[in-house]
Amino acid sequence: MFKQLYDKYRDMIPYMIFGVLTTLVNIAAYWLLAHPLGLPTVPSTVIAWVLAVLFAYVTNRKWVFHSEAKTRNEIIKEGVSFYLCRLGTGVLDWLGMYVMVDVLHWNDLIVKIAVNIVVIVLNYVASKLIVFRKKA
């Protein structure tokens with residue numbers, strides 16, 4: 001029974017672990033850039049996103065989805081696909097931060113956490129169905 005559950009959720013368990021770590025990279029980088037360094041909301045959010053996506057690609061490729069890409073071209077194609085999918089959710093992150101923090105003046109760290117929860121779910125779906133899908 002436990003083996004069946006593990007096999008069914010084999011990708012989801014490490015994704016949750018590395019998803020939390022990626023979110024921590026994103027939030028910590030954002031906080032450092034926006035608070036001690038005083039950068040505006042959107043540039044801080046974009047730079048934090050770049051750092052988080054780099055961390056996420058390495059961990060997702062190796063430990064979550066166990067990428068089958070071996071050749072240089074396969075890895076480049078996979079990396080571009082990963083970044084394009086993350087760019088879509090990155091835009092959601094940037095717009096959410098801009099609207100809720102800069103326009104509505106809500107608490108930036110609370111908004112950052114809430115937006116990242118939505119982003120994590122969407123990123124998992126995109127990674128599972130598009131980027132790291134198993135070849136037939």
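**Buried contacts, cores and surface of a helical model**

Leaving aside neighbours within four places in sequence, Thr 45 is in contact with Tyr 30, Asp 93, Trp 94, Met 97 and Lys 112. The structure described here is a predicted model. Thr 45 belongs to helix α3 and is buried, with a relative accessible area of 0%. A polar atom of the Thr 45 side chain lies 2.7 Å from the backbone oxygen of Thr 41.

Two of the residues that touch Thr 45, namely Asp 93 and Lys 112, also pair with each other. Lys 112 forms a salt bridge with Asp 93, and the closest N and O atoms are 3.0 Å apart. Lys 112 lies in helix α5 and Asp 93 in helix α4, so this salt bridge ties together parts that are 19 residues apart in sequence. Lys 112 has a relative accessible area of 0% and is therefore buried, the limit being under 20%. Asp 93, at 2%, is buried as well.

The model has two salt bridges by the rule applied. Glu 78 forms one with Arg 61, with the closest N and O atoms 3.0 Å apart. Here too distant parts of the chain are linked, as Glu 78 is in helix α4 and Arg 61 in helix α3, 17 residues apart. Glu 78 and Arg 61 are both buried. Both residues are also touched by Phe 132, whose contacts beyond four places in sequence are Tyr 57, Asn 60, Arg 61, Phe 65, Ser 67, Glu 78, Phe 82 and Ser 127.

Phe 132 is also part of the largest nonpolar core, which has 15 residues. The residues with the most contacts inside this core are Tyr 15, Val 64, Phe 65, Phe 82, Val 131 and Phe 132. Helices α2, α3, α4 and α5 each give two or more residues to the core. The largest share comes from α3, with five residues. Another core, of nine residues, lies apart from the largest one. Among its members are Ala 29, Tyr 30, Ala 34 and Val 115. Tyr 30 in this second core is one of the residues in contact with Thr 45.

Helix α5 spans residues 108-131. Its buried residues are Asp 108, Val 111, Lys 112, Val 115, Asn 116, Val 119, Asn 123, Tyr 124, Ala 126, Ser 127 and Val 131. This list includes Lys 112 of the salt bridge with Asp 93, Val 115 of the nine-residue core and Val 131 of the 15-residue core. The cover over the buried residues of α5 includes α2, α3 (41-64) and α4 (72-103). The N-terminal end of α5 is capped by Asn 107, which has a side-chain oxygen 3.0 Å from the backbone nitrogen of Leu 109.

The loop between α4 and α5 holds Trp 106. Trp 106 counts as partly exposed, at 48% relative accessibility. Beyond four places in sequence, Trp 106 touches Met 100, Val 101 and Val 111, and Val 111 is among the buried residues of α5. The loop between α4 and α5 is also the place of His 105. The phi angle of His 105 is near 60°, a positive value in a residue other than glycine. His 105 has a relative accessible area of 64% and is exposed.

A positive phi also occurs in His 66, a residue other than glycine, with a value near 45°. His 66 is located in the loop between α3 and α4. At 31% relative accessibility, His 66 counts as partly exposed.

On the surface, a nonpolar patch of about 1,100 Å² is made by Phe 2, Leu 5, Tyr 6, Tyr 9, Met 12, Ile 13, Met 16, Ile 17, Val 20, Leu 21 and Leu 24. Two or more of these residues come from each of the helices α1 (2-8) and α2 (12-34). Helix α2 gives the most, with seven residues, and Leu 24 is found in this helix. Helix α2 thus appears in several settings: it contributes to the nonpolar patch, to the 15-residue core and to the cover of the buried residues of α5.

Note on methods: Residues are numbered from 1 along each chain as its sequence is written. This is a predicted model: local features need pLDDT of at least 70, side-chain atom pairs count only at pLDDT 80 or more; totals for chains, interfaces and linings use all residues. Side-chain values use heavy atoms; hydrogens and water are left out. Patches are made of residues with over 30% relative accessible area and no salt bridge: like charges are joined within 9 Å, nonpolar side chains (Val, Leu, Ile, Met, Phe, Trp, Tyr) within 5 Å. Accessible areas come from the Shrake-Rupley method with a 1.4 Å probe; for residues, only the protein chains shown count as cover. A salt bridge is a side-chain nitrogen of Lys or Arg within 4 Å of a carboxyl oxygen of Asp or Glu. Helices (H or I, at least four residues) and strands (E, at least two) are DSSP runs, numbered from the N terminus. Buried means under 20% relative accessible area, exposed over 50%, partly exposed in between (1.4 Å probe, protein chains only). Contact means heavy atoms within 4.5 Å. A polar contact is a pair of N or O atoms within 3.5 Å; within protein, one must be able to donate a hydrogen and the other to accept it, and residues adjacent in sequence count only if both atoms are side-chain atoms. A nonpolar core is a set of buried Ala, Val, Leu, Ile, Met, Phe, Trp, Tyr and Cys residues joined through side-chain atoms within 4.5 Å.
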